[in-house]
Amino acid sequence: MADLCEKCWYNTYDEEADEFFCELQLDEDEYVKLLSDFGSGKSCKYFRPDIGEYGIVRKQN
């Protein structure tokens with residue numbers, strides 16, 4: 001699952017904490033469901049591949 005998170009749009013780096021974290025805004029119930037799905041081996045339904053800044057420009061053209 002960590003591989004998937006590393007390639008996700010919502011994965012951001014915090015310089016102060018020197019670590020990556022998920023920036024997705026979930027309420028408490030959604031977060032608990034997400035964690036229970038991870039525990040049961042399901043993939044993240046919120047995963048969005050990070051296409052990078054050049055990928056965004058390609059979509060505009």
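1. The place to begin is Gly41, which takes a positive phi of about 90° just after helix H2. The coordinates discussed here belong to a predicted model, and the remarks below should be taken as comments on that model. Helix H2 itself covers residues 28-39, and with its 12 residues it reaches 17 Å from its first C-alpha to its last, a span close to the 16 Å expected at 1.5 Å a residue.

2. For orientation, the protein contains 3 helices and 2 strands, and their order along the sequence follows the pattern α-β-β-α-α. Of the 61 residues in the protein, buried ones make up 13%, a share worth keeping in mind when the individual side chains below are described as buried or exposed.

3. Which residues form the salt bridge? The partners are Lys33 and Asp37, whose closest N and O atoms are 3.4 Å apart, and the structure holds 1 such bridge. Both residues belong to helix H2, where, being 4 residues apart, they are separated by about one helical turn. An α-helix has 3.6 residues a turn, so residues three or four places apart point the same way. In general, side chains of opposite charge can pair when their charged atoms come close.

4. The two partners of this bridge fall into separate accessibility classes, and a reader inspecting the helix may wish to look at each in turn. Lys33 counts as partly exposed, at 44% relative accessibility, whereas Asp37, with a relative accessible area of 15%, is buried because its value lies under the 20% cut-off.

5. At the start of H2, attention should go to the acidic residues on the surface, where Asp27, Glu28, Asp29 and Glu30 gather in a patch of negative charge. Among them, Glu28 is found in helix H2, and this residue is exposed, with a relative accessible area of 66%.

6. Where does Asp18 lie? Asp18 is found in the loop between strand S1, residues 11-14, and strand S2, residues 19-22. The backbone of Asp18 deserves a second look, since this residue has a positive phi of about 55° although it is not a glycine. Most residues other than glycine have a negative phi. As for its surroundings, Asp18 counts as exposed, because its relative accessibility of 56% is over the 50% cut-off.

7. The strands on either side of that loop each offer an aromatic residue for inspection. Tyr13 lies in strand S1 and is partly exposed, with a relative accessible area of 40%, while Phe20 has its place in strand S2 and is exposed, with a relative accessible area of 53%.

8. Two C-alpha separations help to place these aromatic residues against other parts of the chain. Tyr13 and Glu23 are 10 residues apart along the chain, and their C-alpha atoms are separated by 9.5 Å. For Phe20 and Cys5, which are 15 residues apart along the chain, the separation between the C-alpha atoms is 9.4 Å.

Definitions and conventions
Residues are numbered from 1 along each chain as its sequence is written. This is a predicted model: local features need pLDDT of at least 70, side-chain atom pairs count only at pLDDT 80 or more; totals for chains, interfaces and linings use all residues. Side-chain values use heavy atoms; hydrogens and water are left out. Patches are made of residues with over 30% relative accessible area and no salt bridge: like charges are joined within 9 Å, nonpolar side chains (Val, Leu, Ile, Met, Phe, Trp, Tyr) within 5 Å. Accessible areas come from the Shrake-Rupley method with a 1.4 Å probe; for residues, only the protein chains shown count as cover. A salt bridge is a side-chain nitrogen of Lys or Arg within 4 Å of a carboxyl oxygen of Asp or Glu. Lys and Arg count as positive and Asp and Glu as negative; His and the chain ends are not counted. The place of a charge is taken as NZ of Lys, CZ of Arg, CG of Asp or CD of Glu. Buried means under 20% relative accessible area, exposed over 50%, partly exposed in between (1.4 Å probe, protein chains only). The expected span of a helix is 1.5 Å times one less than its number of residues.
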